[in-house]
Structure formats: structure tokens, C-alpha cells
Amino acid sequence: MNKKDATQLMISADPLAIYIAVKCYKNRLRKFVDNFFVGIHTAHYWAPHPDNPTNDEMVELTAFFNNLIKDDPDIKFVYPHHDYTTQHGTMLNALVKEVYDDCKSNLLITETDDFFVNADMLENHVDRMNRGDYDFVGEPRGCTNNQQLIEFERKVVK
């Protein structure tokens with residue numbers, strides 16, 4: 001299967017989740033998605049709280065993230081200003097603005113804990129989208145509190 005003119009976007013600051021997502025992209029999604037952009041949520045790195053990482057730890061995490069991608073030009077970590085990372089929607093907005101020129105026509109937006117274990121199932125969905133059977137896969141995680149949107153998506157998917 002050829003790449004599908006798609007970009008994966010994710011927002012996180014959890015090193016383990018990012019590690020898993022990068023491995024998932026490299027091992028499963030690369031055949032479906034041309035590039036993978038991760039917005040690193042940094043607001044809590046600057047907030048004064050005993051459990052938050054210090055600035056030195058942020059430098060260490062940045063090195064860890066950079067080591068994950070090494071010289072892979074298809075993966076990019078974006079560090080929006082911490083004022084823009086306090087809300088999920090604002091963070092996604094900042095990420096899209098930062099990488100807009102490099103995004104492909106189709107976007108795969110994944111939550112921090114989303115990963116794929118069955119590439120055949122994903123390939124089936126991509127094929128159906130390419131045939132025009134539907135335009136998106138999935139539904140919101142309930143953060144919108146908009147039952148009408150969920151019902152609309154269910155009708156489209158059916």
C-alpha cells in the first residue's frame with residue numbers, strides 16, 4: 001500500500017506515551033501516514049509544583065525525544081510556548097499552525113494513549129475512506145459534551 005497523503009498529529013508530554021507512539025508510527029503507521037508531528041505539552045514544566053519536572057529535566061526530556069527520532073525527517077516534535085499548552089484545543093491549534101505548511105491533505109489526530117495493534121484493520125478503514133465510504137473514523141472521547149455531533153458521526157459511519 002502506498003502512503004495516503006496523510007499527517008498524524010498528537011499532543012503529549014508523557015515520555016512513555018511518546019516513545020510508544022513513535023514506535024507505533026515507525027512500525028505500523030508509516031505505510032499509511034507520511035509524517036508524524038507531536039506537540040509537546042510544556043505548561044506544567046514551568047508551573048511551580050513539587051511533582052513537575054524542573055527546567056533541567058525538560059532539557060533531558062528534549063534530548064530523549066530527539067534521540068527517539070534521530071535523523072528521521074518524517075517525525076517532528078514541536079514545543080509551542082507554554083502559554084498555549086494549557087488547554088487541549090489550544091495546544092492542537094498551536095501545533096497545526098506550527099506545522100501547517102508540512103501537513104498533508106488528510107489528518108490523523110490521535111490522543112496521547114492511542115496506538116494501533118492491528119494494521120489490517122487500519123488498512124481496511126483507509127481503503128474505505130479512499131473509496132469515499134466515509135470521511136472520518138472514530139468519535140470524540142466525550143470532551144465535547146455534544147451528543148448531536150456523536151449521533152451525526154454514527155450516522156455517517158453507518
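The mean pLDDT of the chain (the predictor's confidence in each residue, from 0 to 100) is 75, and 68% of the residues reach 70 or more. Among the elements of the chain, helix α2 (residues 43–46) has the lowest mean pLDDT, 58, while strand β3 (residues 75–78) has the highest, 90. Helices (H or I, at least four residues) and strands (E, at least two) are DSSP runs numbered from the N terminus. Since the model is predicted, local features need pLDDT of at least 70 and side-chain atom pairs count only at pLDDT 80 or more, whereas totals for chains, interfaces and linings use all residues. Residues are numbered from 1 along each chain as its sequence is written, and side-chain values use heavy atoms, with hydrogens and water left out.

A good place to begin is strand β1 (residues 6–12), which holds Q8. Q8 has a relative accessible area of 3% and is therefore buried (buried means under 20% relative accessible area, exposed over 50%, partly exposed in between, with a 1.4 Å probe and protein chains only). Leaving aside residues up to four places away in sequence, Q8 touches Y25, L29, V33, N35, F36, F37, L108 and T110, a contact being heavy atoms within 4.5 Å.

Two of these partners, Y25 and L29, also appear among the buried residues of helix α1 (residues 15–29), together with A17, I18, A21, V22 and C24. Viewed down the axis of α1, the buried residues fall within an arc of 160°, so they line one face of the helix; the arc is that of the directions from the helix axis to the C-beta atoms. The face turned away from this buried side carries the exposed residues L16 and N27.

Helix α5 (residues 119–131) offers a similar exercise in geometry. Its 13 residues should span 18 Å at 1.5 Å a residue, and its end C-alpha atoms are indeed 18 Å apart; the expected span is 1.5 Å times one less than the number of residues. A119, L122 and V126 are buried in α5, and they fall within an arc of 60° seen down the axis, so they line one face of the helix. An α-helix has 3.6 residues a turn, so residues three or four places apart point the same way. What covers the buried residues of α5 includes α1, while D120 and R131 are exposed on the other side. Just after α5, G132 takes a positive phi of about 90°.

Finally, the cysteines: C24 is buried at 8% relative accessibility, and C103 is buried at 18%. A search of the whole structure finds zero disulfides, meaning pairs of cysteine sulfur atoms within 2.5 Å.
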